[in-house]
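Work through the following exercises with the sequence and the structure open side by side. Each task is followed by a solution that goes step by step.

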Amino acid sequence: MSGMKSLFISIFVFFSIFLSGQNKAQNHPGGMYTLEQIEDIKIKVKKKSQPEYKYFLKLCQIADSMIYVPIMVKDSIHVGSYYRDSINHVTNKLIFTTDANTAYYCSLAYCLTGKRKYAKKAEQVLLKWAENKFIGGYD
């Protein structure tokens with residue numbers, strides 16, 4: 001039952017917080033969330049409105065832990081077929097997801113807090129990936 005409750009809460013939070021302004025025109029800086037959505041969450045966080053404040057604290061906790069996670073990208077990477085080479089597939093998929101999650105959580109934490117440490121880490125991840133020489137296959 002706990003897993004079902006977590007799923008319900010996650011879905012509720014996703015639709016109630018992040019999609020509240022979905023039909024609005026996208027404003028610069030653009031991205032996954034509009035500036036209005038970010039500002040709306042900042043106001044709710046400042047007022048410690050629930051559940052937004054609880055999830056904001058969790059976001060910051062995750063972003064803080066990711067500051068110290070090493071960037072995992074290699075000069076070239078290919079996830080490849082799981083059925084042909086499952087170890088390589090799982091390892092390289094982990095590299096993609098770890099770095100993507102680090103950039104995402106740190107970027108969002110920066111947008112909501114303005115703390116430069118988050119922006120710096122997200123920037124480091126993106127710049128390191130920009131140096132990538134090859135992403136092979138269908139990736």
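## Order of the elements

Read from the N terminus, the elements of the chain follow the order α-α-α-β-α-α-β. The model is a predicted one, and its secondary structure comes to 5 helices and 2 strands. Of the 139 residues of the chain, 27% count as buried.

## Exercise 1: Two helices that cross

Task: Describe how the axes of helices H2 and H4 are placed relative to each other, giving the distance, the angle and the handedness of the crossing.

Solution. Begin by locating the two helices, with H2 covering residues 35–46 and H4 covering residues 86–113. Next, take the axes, which come within 9 Å of each other and cross at roughly 65°. Because angles of 65 to 115 degrees count as roughly perpendicular, H2 is described as roughly perpendicular to H4. Finally, add the handedness, which for the crossing of H2 and H4 is right-handed.

## Exercise 2: The loop between H2 and H3

Task: Find which peptide bond is cis and which residue other than glycine has a positive phi, then place Pro51 and Lys48 in the chain.

Solution. For the first part, look at the step from Gln50 to Pro51, where the peptide bond is cis and omega is near 10°. For the second part, turn to Lys48, whose phi is near 60°, a positive value although the residue is not glycine. To place them, note that Pro51 is found in the loop between H2 and H3, and that Lys48 likewise belongs to the loop between H2 and H3. As a last step, consider the surroundings of Lys48, which is exposed because its relative accessible area is 51% and the cut-off for exposed is over 50%.

## Exercise 3: Charged pairs

Task: The structure holds 6 salt bridges; examine the pair Asp64 and Lys117 and say what it ties together.

Solution. Start with the contact itself, in which the side chains of Asp64 and Lys117 meet in a salt bridge at 3.0 Å from N to O. Then assign each partner to its element: Asp64 lies in helix H3 (residues 52–66) and Lys117 in helix H5 (residues 116–130), so the pair ties together parts that are 53 residues apart in sequence. To complete the picture, check the accessibility of both partners, where Asp64 is partly exposed at 28% and Lys117 is partly exposed at 41% relative accessible area.

Task: Which salt bridges do Arg116 and Lys128 form, and how accessible are the residues involved?

Solution. Take Arg116, which forms a salt bridge with Glu123, the closest N and O atoms being 3.9 Å apart. Within this pair, Arg116 counts as exposed at 52% relative accessibility, whereas Glu123 is partly exposed at 40%. Continue with Lys128, whose side chain meets that of Glu131 in a salt bridge of 3.7 Å, N to O. Here Lys128 is partly exposed with a relative accessible area of 37%, and Glu131 is partly exposed with 47%.

Task: Which residues are linked with Lys44 in a network of salt bridges?

Solution. Follow the contacts of the charged side chains, and the network is seen to link Asp40, Lys44 and Glu52.

## Exercise 4: Residues along H4

Task: Compare His89, Val90 and Thr97 by classing each one as buried, partly exposed or exposed, and find what lies around them in space.

Solution. First, His89 lies in helix H4 and counts as buried, because its relative accessibility is 17% and the cut-off for buried is under 20%. His89 and Val79 are 10 residues apart in sequence, while their C-alpha atoms are 4.8 Å apart in space. Second, Val90 lies in H4 and counts as partly exposed, at 46% relative accessibility. Together with Tyr82 and Tyr83, Val90 forms a nonpolar patch on the surface, and the three have about 390 Å² of accessible area together. Third, Thr97 has its place in helix H4 and counts as partly exposed at 34% relative accessibility. Thr97 and Met72 are 25 residues apart in sequence, and the distance between them in space is 9.8 Å, C-alpha to C-alpha.

Technical notes
Residues numbered from 1 in each chain as written. Predicted model: local features only at pLDDT ≥ 70, side-chain atom pairs only at ≥ 80, totals over all residues. Heavy atoms only, no water. Patch = residues over 30% accessible without salt bridge, like charges linked within 9 Å, V, L, I, M, F, W, Y side chains within 5 Å. Areas by Shrake-Rupley, 256 points an atom, 1.4 Å probe, with all protein chains shown as cover. Salt bridge = Lys/Arg side-chain N within 4 Å of Asp/Glu carboxyl O. Helix = DSSP H or I, 4+ residues; strand = E, 2+ residues; numbered from the N terminus. Buried < 20%, exposed > 50% of the residue type's maximum accessible area, 1.4 Å probe, protein only. Axes fitted to C-alpha atoms, helices over the stretch in contact; angles between N-to-C directions. Parallel < 35°, antiparallel > 145°, perpendicular 65-115°, else oblique. Left-handed = near helix turned anticlockwise from the far one by under 90°.
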